[in-house]
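Please read the following numbered points alongside the sequence and the structure. They take up one residue, then a sheet, and then the internal spaces.

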Amino acid sequence: MMTDTAPNKAQTPAPRGDLLDVAIVGGGLAGLYALHRLRGMGISARVFEAGNGVGGTWFWNRYPGARCDIESLEYSYSFSDDLQQEWKWPERYATQPQILAYINHVAERFDLMRDVQLETRILAAEFDRSSDSWTLRTNKDEVVSAQFCIMATGNLSTPRVPDFKGLENFKGKWYHSGMWPAAGVDFSGQRVGVIGTGSSGIQMIPMIAKQAEHLFVFQRTPNFCLPAQNGPMEAEREAAYKANYPVRRQEARTSGFGVSGYPTPTQSALEVPPEERRRNYEELWQRGGSIGFLSCYNDFLVDERANDTAAEFVREKIRGIVRDPAVAEALAPKDHPIGTKRLCLDTGYYEVYNRDNVSLIDVRNAPIEEITERGVRTADGEFELDAIAFATGFDAMTGALREIDLRVKGGEALADVWEAGPRTYLGLSVAGFPNMFMVTGPGSPSVKSQMILSIEQHVDWISNFIDYARNGQISRIEADIDAQDRWVAHVNEVADSTLYPVANSWYVGANIPGKPRVFMPYVAGVGVYRQKCDEVASKGYEGFKLTGRGG
Ligand code: NAP
């Protein structure tokens with residue numbers, strides 16, 4: 001038997017003529033695993049990656065302090081036991097360079113790079129029903145044909161700088177968290193402005209504050225941040241995990257958020273005496289991480305009163321950490337239930353506001369009016385800056401797909417079909433776009449789960465289908481519009497039974513002016529979702545129309 005760690009060198013199949021079996025768009029964690037999995041099945045596949053290296057999110061987001069907010073013993077591939085046993089994570093929560101080193105190691109270990117084409121952006125893809133194949137066009141004017149297309153394009157891969165008037169006039173340097181220079185940036189002695197206080201902002205702010213002469217944080221909406229309580233990996237913790245990996249991974253696969261160690265809660269926050277509840281929150285705060293809070297009570301994300309018990313606990317913490325009461329109050333979120341926007345995980349975030357060289361600027365009440373030659377002008381006045389770091393987020397979940405001119409020959413582009421918001425079947429497929437699969441697409445747990453677990457689940461499901469198609473002489477798969485409509489209705493129904501849609505988050509596209517407000521992730525939990533996907537497959541791909549060769 002071939003071990004799961006053996007590079008499958010011998011198995012690289014020759015493409016049929018110029019036709020690949022599968023074109024994989026994106027060389028991040030999803031694209032690389034898809035390549036490994038398919039090649040191991042004797043399928044010809046090739047990855048097309050815009051960057052000059054693999055790693056996706058972890059290739060581009062090199063800002064100071066970038067770090068995963070899920071523990072690395074969980075946030076790692078599970079497909080190879082040798083890999084997960086041998087790899088050593090130096091800290092509980094890995095930094096961006098550590099994760100990128102891991103991804104490059106995986107690419108090397110499984111000999112993936114020979115089927116990865118770097119610096120190649122897919123601009124257009126067109127499906128031809130007469131040949132049941134896709135033709136992709138790259139930024140280098142190359143043309144590639146493939147029977148299937150896997151869009152491993154990421155959920156947070158289209159960085160967005162708001163359309164501020166005057167940015168082109170700014171004489172200093174500016175950066176975006178998602179397009180950070182590989183060589184890093186030295187802010188020593190500079191007056192720096194950070195715009196945005198989401199996960200990226202709250203991670204870079206404490207790091208930049210240590211370097212900059214003065215740091216101005218432009219905050220429109222405060223977010224709830226919980227401490228990571230990061231530290232060096234404890235040997236016993238690592239050993240215990242590794243001894244128990246099969247059980248851990250299986251538990252994660254059937255869980256809510258795709259992380260082991262957090263059983264589905266059965267108790268209401270409102271049933272528990274206040275002192276006990278407070279003790280529980282305190283323990284979770286000391287333990288670190290966000291999944292503990294999200295999974296502590298069964299009504300945490302469905303009942304505003306229950307939710308507010310935790311929100312108030314965190315607001316009190318902020319008031320306890322930040323010495324200036326006005327600044328503390330400005331940092332304490334009151335406009336959304338805790339957990340309905342991505343919970344931020346920080347290291348020294350609130351403490352940074354006790355430093356003399358950090359100022360919090362409210363751009364909710366005095367919005368940014370323009371970027372000037374010298375800095376940022378808000379309704380309150382001008383702030384002179386040498387550099388601006390935009391931590392203003394991404395056109396999430398749909399941005400990367402909408403940027404590609406994806407269509408069936410003679411048909412409408414996906415961007416137009418999704419004009420009123422994304423509609424998918426299982427977050428894997430779109431009616432009217434045959435032989436195209438998305439990895440962690442809208443309508444799947446995706447960003448509301450441990451991403452690598454969801455990536456593996458999707459890639460396995462897609463690969464199993466491709467094997468089924470090969471054995472059954474199936475040349476085309478296409479989601480039924482009715483099945484898609486039912487799935488979209490179900491995704492919405494689940495979301496509407498929670499507090500999630502209340503918040504103006506990127507989960508609903510609220511950060512992009514004009515983006516339709518649609519709640520995009522599926523929030524019934526990864527265990528429930530996996531069951532649904534498996535059921536669909538076991539019923540001969542129910543909800544999909546399959547067409548045989550020559551049919
Ligand atoms: P984000 O959560 O969308 O935050 C963007 C920030 O920019 C918000 O504070 C937003 O304010 C602000 N902003 C946007 N436009 C603005 C404007 N015109 N004027 C003033 N402020 C403006 O983006 P992100 O921090 O890059 O995070 C995105 C996601 O990436 C995270 O939620 C997470 O899923 C992922 N991520 C994960 C990690 C990790 O694993 N640790 C780290 C970074 C990112 P409003 O809230 O008012 O819109």
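1. Thr547 belongs to strand β20, which spans residues 544–548. The model is predicted, and the remarks in this note should be read accordingly. Is Thr547 buried or exposed? Thr547 has a relative accessible area of 10%, and because the limit for a buried residue is under 20%, Thr547 counts as buried.

2. The surroundings of Thr547 may be examined next. When residues up to four places away in sequence are left aside, Thr547 is in contact with Ile474, Ser475 and Arg476.

3. A separate element to inspect is an open sheet of three strands, arranged in the order β13-β14-β15 with antiparallel pairing. Which strands stand at the edges? They are β13 (368–371) and β15 (381–384); each has a single partner strand, and therefore one side of each has no neighbour in the sheet. On average, neighbouring strands of this sheet are turned by 25 degrees against each other, direction ignored.

4. As general background, the strands of a sheet pair through backbone hydrogen bonds, in either a parallel or an antiparallel manner. In the present case, β13 and β14 (residues 375–378) run antiparallel and are joined by three bridges. The student may locate one pairing directly: Glu370 has Arg377, in β14, as its bridge partner.

5. How many cavities of 30 Å³ or more does a search of the whole structure find? The search finds three, and the largest has a volume of about 130 Å³. The largest cavity is lined by 14 residues, of which Ser290, Ile291, Leu294, Arg342 and Lys448 are the closest to its centre. Its lining comprises seven nonpolar, four polar and three charged residues.

6. The second largest cavity holds about 50 Å³ of space. Among the residues that line the second largest cavity are Met151, Thr153, Gly154 and Asn155, as well as Met397, Leu401 and Met438; the lining also includes Val439, Thr440, Gly441 and Pro442. By class, this lining has six nonpolar and five polar residues, with no charged residues.

7. Finally, the second largest pocket deserves a comment. About 490 Å³ of space lies within the second largest pocket. Of its 26 lining residues, Gly256, Phe257, Thr264, Pro265 and Val523 are the closest to its centre. What classes do the residues of this lining divide into? There are 17 nonpolar residues, eight polar residues and one charged residue.

Definitions and conventions: Residues are numbered from 1 along each chain as its sequence is written. This is a predicted model: local features need pLDDT of at least 70, side-chain atom pairs count only at pLDDT 80 or more; totals for chains, interfaces and linings use all residues. Side-chain values use heavy atoms; hydrogens and water are left out. Two strands pair if DSSP finds at least two bridges between them. Helices (H or I, at least four residues) and strands (E, at least two) are DSSP runs, numbered from the N terminus. Axes are lines fitted to C-alpha atoms, for helices over the stretch in contact, and angles run from 0 to 180 degrees between N-to-C directions. Buried means under 20% relative accessible area, exposed over 50%, partly exposed in between (1.4 Å probe, protein chains only). Contact means heavy atoms within 4.5 Å. On a 1 Å grid over the protein atoms alone, a cavity is a set of points where a 1.4 Å probe fits but cannot get out, and a pocket is an open set with protein on both sides within 12 Å along at least five of seven lines; lining residues have an atom within 4 Å of a point. Grid points are joined across faces, edges and corners, and a volume is the space filled by probe spheres set on the points. Ala, Val, Leu, Ile, Met, Phe, Trp, Tyr, Cys and Pro count as nonpolar, Asp, Glu, Lys and Arg as charged, and the others, Gly among them, as polar.
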